[in-house]
Amino acid sequence: MILLTLAVLLPTLAFIVFSLPPVHNKIRTTTEEALTELLGAEVTIRDLSIKPFSRATLLDVAIVMEGDTVAKIERLGAGISLYPLIKKGSIVADYAEIIG
């Protein structure tokens, strides 16, 4: 009975946590910092949307290098594969899309 309760409670709690605006903001700023370091260019993200366990979307992404905007993307989305996330703690995108 305890395992069944945990099997329902933990995903529900994770869904609630990933739906909170402060969590979205922390993920957004962490993503900006990681992409800025990876690309060697300033990356800004206006907002993000997370559908826990399935999809993440970055909105209004800008990449600025040496003062020039080299890319401006309206929406950048990716599907997240649940099994590797649970099994290994790895984030694996099973599809991606770039719009605008």
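In this short talk I will go through one histidine and a few charged side chains in the structure shown above. Please keep in mind that what we are looking at is a predicted model.

Let me begin with histidine 24, which you can find in helix H2, the helix that covers residues 21-39. Is this histidine buried or exposed? Its relative accessibility is 15%, and because buried means under 20% relative accessible area, histidine 24 counts as buried. If we then ask what surrounds histidine 24, leaving aside the neighbours within four places in sequence, the residues in contact with it are Phe18, Ser19, Leu48, Ser49 and Ile50. Leucine 48 deserves a second look, since its backbone oxygen lies 3.5 Å from a polar atom of the histidine 24 side chain.

Now I would like to turn to the charged residues. Side chains of opposite charge can pair when their charged atoms come close. In this model the count comes to four salt bridges, and I will take you through some of them.

Staying in helix H2, we find a salt bridge between the side chains of arginine 28 and glutamate 32, with an N to O distance of 3.2 Å. Why are these two residues separated by about one helical turn? The reason is that arginine 28 and glutamate 32 are four residues apart in helix H2. Both of these residues are buried.

The next pair takes us to the strands, where the side chains of arginine 55 and glutamate 97 meet in a salt bridge at 2.3 Å, N to O. This pair links distant parts of the chain, for arginine 55 is in strand E2, residues 55-65, while glutamate 97 is in strand E4, residues 93-99, and the two are 42 residues apart. Arginine 55 is buried, with a relative accessible area of 16%, whereas glutamate 97, at 25%, is partly exposed.

Which other arginine forms a salt bridge with glutamate 97? That partner is arginine 75, and here the closest N and O atoms are 3.9 Å apart. Arginine 75 lies in strand E3, residues 68-80, and glutamate 97 lies in strand E4, so this pair ties together parts that are 22 residues apart in sequence. Arginine 75 is partly exposed, with a relative accessible area of 33%.

If we put these last two pairs side by side, we see that salt bridges with shared partners join Arg55, Arg75 and Glu97 into one network. When you go back to the structure, you might start from glutamate 97 in strand E4 and then look for arginine 55 and arginine 75.

Methods:
Residues are numbered from 1 along each chain as its sequence is written. This is a predicted model: local features need pLDDT of at least 70, side-chain atom pairs count only at pLDDT 80 or more; totals for chains, interfaces and linings use all residues. Side-chain values use heavy atoms; hydrogens and water are left out. Buried means under 20% relative accessible area, exposed over 50%, partly exposed in between (1.4 Å probe, protein chains only). A polar contact is a pair of N or O atoms within 3.5 Å; within protein, one must be able to donate a hydrogen and the other to accept it, and residues adjacent in sequence count only if both atoms are side-chain atoms. Contact means heavy atoms within 4.5 Å.
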